[in-house]
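Q: Please take a close look at the sheet in this model. Then turn to the cysteines and say where they stand on disulfides.

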Amino acid sequence: MELDAISPQNILALLVQNVAHDLSLWIHSQIDLGAMGAPPEAKPLVVQSRPLQPAVAHRTAPQTRSQSPATATARIAPQTQAQRPATAIARTAPQTQAQRPATTPTRTQPQTQAQSPATAIARTQPRKSMINTFKAVKSVRDGVGLSVEDRRIKLNTFRARMQSCTSCTFYADRRCVMNSTGDVSPRIMFISFGAQYSDAQTGSFLTHDDNELFKKWMNQLVAQGFDIKPSDIYTTHLIKCFYEVKKRTEGDTIKQCLPHLREEIKIVQPKVIVAFGGIVYEALFSTSANIALVRGEFKKFNDIPLIATHHPAEIRLKYLKNDPEHQREAKLLEERVLGDLKLAIEESRR
């Protein structure tokens, strides 16, 4: 219909058509609500003004009362994840660890040991200063780190304590205490199993014949150019007391006297230890060993090089047998002992 042809009659007809259309929509909405079980509400008929349109305008789908034209589409067609606003995604989708703010982990998650402050780590791990202090105290107690004069005092106290030792139940059976000889910080400490009563009275390191053999070896080494003096030597025994063999067993004696020998070594602090015989070696390292197999090689005892060799008594007893076979064995063992003593002297120079 052209604009020129609009007449009052046409305008009236259009208004009537619009009113009829709105009334039809309202009636349909009331019918839909009644079918759903909702009681119809009295609602005044409001005629909304709208632009004029031809009478043949397309009729849209009837709207319910609760749906407005603007919100009906939003409620019928749900938004996809890509269509939702950024704030909706943030509210509905849980944030990942990378999307969360920097302050979120500290508020919601407890701190682990790695996340705790440096002071907490320092409290759980021992400090180097504390470790060094503990080592220093232990060194002073053992004699390490003390001056020569202080260690002399400790050695004299140790020797006096051995004279009146009552640490075992066999002290009442002893006839005397075996004396050690030498000063602190010697180049070589010689350790033997024990000595005889007469040796303790004369101050000899070994029995008479064994001691003479030991002196012979040392004189030979000096004659061969090895620099070793009596002041460089310290002698002591594993067994500190002379006892009656029938009253005490060897195992009990070693068990009771070994802690004293360990203490003596810590106080004296020699550069090298020479163990005469397999018994001394086995006691110090708490093991079973064949002296023929372990001799001639250094092994650390309290960070001190130790070398084991044959006892002079073993060689002396072979010499006492007048058959040629034992004489050859005695000479062979004597050469091995001299070789071990040379190694000890060389090691003591380092």
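A: The sheet comes first, then the cysteines. The model is a predicted one.

Five strands form an open sheet. Their order is E3-E2-E5-E7-E6. The pairing is mixed. Strand E3, residues 233–237, lies at one edge, and strand E6, residues 298–301, is the other edge strand. Each of these two pairs on one side only. On average, neighbouring strands of the sheet are turned by 30 degrees against each other, with direction ignored.

Within that order, E5 sits between E2 and E7. Strand E5 covers residues 272–276, and strand E7 covers residues 304–309. The two run in the parallel sense. Their pairing spans 4 bridges. Across this pairing, alanine 275 stands opposite alanine 308 of E7. In general, strands of a sheet pair through backbone hydrogen bonds, parallel or antiparallel.

Now the cysteines. The disulfide count is 0. Cysteine 241 is in no disulfide. The nearest cysteine sulfur to cysteine 241 belongs to cysteine 257, 5.8 Å away. Seen from cysteine 257, the closest cysteine sulfur is that of cysteine 241. The cut-off for a disulfide is a sulfur pair within 2.5 Å. At 5.8 Å, the two sulfurs are therefore too far apart for a bond.

Are these cysteines buried or exposed? Cysteine 241 has a relative accessibility of 11%, so it counts as buried. Cysteine 257 is buried too, with a relative accessible area of 6%. Buried here means under 20%.

Conventions:
Residues numbered from 1 in each chain as written. Predicted model: local features only at pLDDT ≥ 70, side-chain atom pairs only at ≥ 80, totals over all residues. Heavy atoms only, no water. Pairing = 2+ DSSP bridges. Axes fitted to C-alpha atoms, helices over the stretch in contact; angles between N-to-C directions. Buried < 20%, exposed > 50% of the residue type's maximum accessible area, 1.4 Å probe, protein only.
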